[in-house]
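Subject: Structure for you to look at

Hello,

Here is the structure I promised to pass on. Please open it first, then read my notes below.

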Amino acid sequence: NNSTYPIKTISSVVGTTDINFPLDAKYDWTRGNIWVCDAGNSRVLSIKTSDFSFIYEIKNIQLPHAIAPNINTGGAFVKAFSSINSGIIYEIGINGDIKSTFTFPLTILYPSLPFLRNTDWIQLLPLTSSIIYDHTRSRVWFVADAKSYMIDTLSKSMSIFDLSPYGIVNNVSVSVENNTGNAFIISEDINGESFIVKMNRDNSEYLGIGWIDNVLAVSSSSS
């Protein structure tokens, strides 16, 4: 109820079909555009915030569920499914072109991908915070199952770290510390307990873990 910053809800976009079952939306604050994972239409939209008209759309993206704007170039990185239990990252250029893709294992505990608009089904999908772009170092971090991934877009190299030896079965969210480039990952063990895992900036070394209880770390250890 802030009159200075009113909330506007939109379902239609000028110049294209209506949005259907959006799973994520992120703001590119350097250009004033919104990126939308329009899962029901199997596409990703880039939208102007000035008049809510679309800039371009990227079609045939299966169940896009998380997006990270590349504020350095004006593009974005989209996390989606390429098939059952297989994920894919799309690197989208500033003109809406697909510059590169990367596939990886991504478990979804559902027999097929038809949209069921209920809470139980949506909770089986990866979180919108399962991908993030480190604009300081031009690196993309994302998580899936027990692994963390880091792609250096400058050197075109990738690092994969498997956290299963530390008792982790599922990584659900990732964030990056701007000053150091280290990543913090929300993870779960086989009992459903949640932890914060700290990884070094190159995704090559596990730095520590803290147990989460009611959003407060009450126990921690480090290597």
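The first item is a sheet. Four strands form an open sheet, in the order 1-2-3-4, and their pairing is antiparallel. Strand 1 (22-28) and strand 4 (54-59) are the edge strands, each paired on one side only. On average, neighbouring strands of this sheet are turned by 15 degrees against each other, direction ignored. Please keep in mind that this is a predicted model.

Now the middle of that sheet. Strand 2 (residues 33-38) and strand 3 (residues 43-48) run antiparallel, and six bridges join them. Which residue is the bridge partner of Val36 in strand 3? Leu45 is that partner.

Next, the chain as a whole. Its secondary structure comes to one helix and 17 strands. The chain has 223 residues, and 45% of them count as buried. Take the contacts in the chain with a separation of 6 or more: 39% of these are between residues 24 or more positions apart.

Then the pockets. The largest pocket has a volume of about 390 Å³. Its lining is made up of 18 residues, and Thr107, Leu124, Leu125, Asn170 and Val172 are the closest to the centre. Two elements give two or more residues to this lining: strand 10 (139-144) and strand 13 (168-176). Which of the elements makes the largest share of the lining? Strand 13 does, with four residues. By class, the lining of the largest pocket divides into ten nonpolar, five polar and three charged residues.

The second largest pocket has a volume of about 210 Å³. It is lined by 13 residues, of which Glu91, Ser100, Thr101, Phe102 and Ile151 are the closest to its centre. Four strands each supply at least two residues of this lining: strand 7 (86-92), strand 8 (98-105), strand 11 (147-152) and strand 12 (157-162). The largest share, three residues, comes from strand 8. Six residues of the lining of the second largest pocket are nonpolar, four are polar and three are charged.

If you have only a few minutes, I would suggest this order for viewing:

- The four-strand open sheet, with its edge strands 1 and 4.
- The bridge between Val36 and Leu45.
- The largest pocket, starting from strand 13.
- The second largest pocket, starting from strand 8.

Over to you.

Best wishes

Definitions and conventions. Residues numbered from 1 in each chain as written. Predicted model: local features only at pLDDT ≥ 70, side-chain atom pairs only at ≥ 80, totals over all residues. Heavy atoms only, no water. Pairing = 2+ DSSP bridges. Axes fitted to C-alpha atoms, helices over the stretch in contact; angles between N-to-C directions. 1 Å grid on protein atoms, 1.4 Å probe; cavity = no way out; pocket = protein on both sides within 12 Å on 5 of 7 lines; lining within 4 Å. Points joined across faces, edges and corners; volume = space filled by probe spheres on them. Nonpolar A, V, L, I, M, F, W, Y, C, P; charged D, E, K, R; others polar. Buried < 20%, exposed > 50% of the residue type's maximum accessible area, 1.4 Å probe, protein only. Contact = heavy atoms within 4.5 Å.
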